[in-house]
Amino acid sequence: MTMHRTTRIKITELNPHLMCVLCGGYFIDATTIIECLHSFSVCKMCIVRYLETSKYCPICDVPVHKTKPLLNIRSDKTLQDIVYKLVPGLFKNEMKRRRDFYADHPSVDATTRSNEDRGEVADEDKRIITDDEIISLSIEFFDHNKAEQTGVAEDQLTKEQVNNKRYLQCPAAMTIMHLRKFLRSKMDIPCTYQVEVMYEDEPLKDYYTLMDIAYIYTWRRNGPLPLKYRVRPSCKKMKMSHLQQEGQNSTGRSAESDSASDKACSPAAVPSTSSSLPSPGTPVQSPHPHFPHISKPVNGASTSAPAPTRPFPFGKKPRKASLNGSSASSG
């Protein structure tokens, strides 16, 4: 079976795709040549100034336009949003730079400019999240049966869910692994159970940060980031429990066969010493009253009665014999 390994990529490895080859800075107001899809930046000035003296792409030498190359360049909003979200603090610094420019040059008419051009767009409006930003989130237990209920009971279910929710404020750089450890410690969940954090009904990776989740699932900041969790026995412990149960069943079958063999060969006066094995289906009370959703025993160990002692083979079992009218025991 092929194992998928996740690799974290540093921002410096992506710099060749996020930086302008003409000025060496990160894309600002990214502009793309439609003929070859190469992009440039700095309010179009980099590529505009270049095309004043050349009609070819500075990267691949593809002709941009024979007479009017400026007609074949377009603003690339998608690329610019990606750059703003990948480079920490770039958007905030750029907005501050634009506000400072218009403050230092009051003679420049900025009324015809957009809010973003004037630097008057906040991070929240642009949906840009920084690593040190505090994100509000809600966490509740995921119940698949309740999640499928609809109709009249939905209103009542919503009230119950609100009562069971817990609210946290965490840095945007916090990972799901940290949140799982917090839940395990807060609720004293045994290590034999695994905690899964979910968005709606989809489990989240341990290396996801809250910022990643907000971007992946398009969180609109119209409320706390809604997360859920569930507790399940770990796969390793479930496998060990299955192997132990098979071992107990095989031991029980061997003991029963030996007991049946002894019954067939022993005198009728000798009572049978075999005892009945406990039924595998015997209900076991949950050892965790604090977790009603955990019903299996901890560590996968069965709480049933121990297996009976194996009876002696017939050839070694003590028996009574009559010798000259007196009773004697022979081994």
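## A salt bridge at arginine 98

The side chains of arginine 98 and aspartate 117 come together in a salt bridge, with 3.9 Å from N to O. Arginine 98 sits in helix H4, while aspartate 117 belongs to the loop between H4 and helix H5 (123-126), so this pair ties together parts that are 19 residues apart in sequence. Please keep in mind, as you look around, that this is a predicted model.

How exposed or buried are the two partners? Arginine 98 has a relative accessible area of 6% and is buried, whereas aspartate 117, with 28%, is partly exposed. Arginine 98 counts as buried because its value falls under the 20% limit.

## A second partner, and a network

Arginine 98 also forms a salt bridge with aspartate 29, and here the closest N and O atoms are 3.3 Å apart. This pair links distant parts of the chain: aspartate 29 is in the loop between H1 and E1, arginine 98 is in helix H4 (residues 90-104), and 69 residues separate them. Aspartate 29 is buried as well, at 18% relative accessibility.

Which residues are linked in a network of salt bridges? They are Asp29, Glu94, Arg97, Arg98 and Asp117. To picture how such links arise, it helps to know that side chains of opposite charge can pair when their charged atoms come close.

## A bridge between two strands

Now turn to arginine 232 and glutamate 196, which form a salt bridge whose closest N and O atoms are 2.8 Å apart. This pair, too, links distant parts of the chain, with arginine 232 in strand E8 (residues 225-233) and glutamate 196 in strand E6 (residues 193-199), 36 residues apart.

Arginine 232 is partly exposed, at 34% relative accessibility, while glutamate 196 is buried, with a relative accessible area of 16%. In total, the model has ten salt bridges.

## A nonpolar patch on the surface

For a change from charged pairs, look at Val21, Leu22 and Ile59: together they make a nonpolar surface patch of about 240 Å².

Where does valine 21 lie? Valine 21 is found in the loop between helix H1 (11-18) and strand E1 (31-33). Its relative accessible area is 52%, so valine 21 counts as exposed, the limit being over 50%. Aspartate 29 is in the loop between H1 and E1 too, yet aspartate 29 is buried.

How values were computed. Residues are numbered from 1 along each chain as its sequence is written. This is a predicted model: local features need pLDDT of at least 70, side-chain atom pairs count only at pLDDT 80 or more; totals for chains, interfaces and linings use all residues. Side-chain values use heavy atoms; hydrogens and water are left out. Patches are made of residues with over 30% relative accessible area and no salt bridge: like charges are joined within 9 Å, nonpolar side chains (Val, Leu, Ile, Met, Phe, Trp, Tyr) within 5 Å. Accessible areas come from the Shrake-Rupley method with a 1.4 Å probe; for residues, only the protein chains shown count as cover. A salt bridge is a side-chain nitrogen of Lys or Arg within 4 Å of a carboxyl oxygen of Asp or Glu. Helices (H or I, at least four residues) and strands (E, at least two) are DSSP runs, numbered from the N terminus. Buried means under 20% relative accessible area, exposed over 50%, partly exposed in between (1.4 Å probe, protein chains only).
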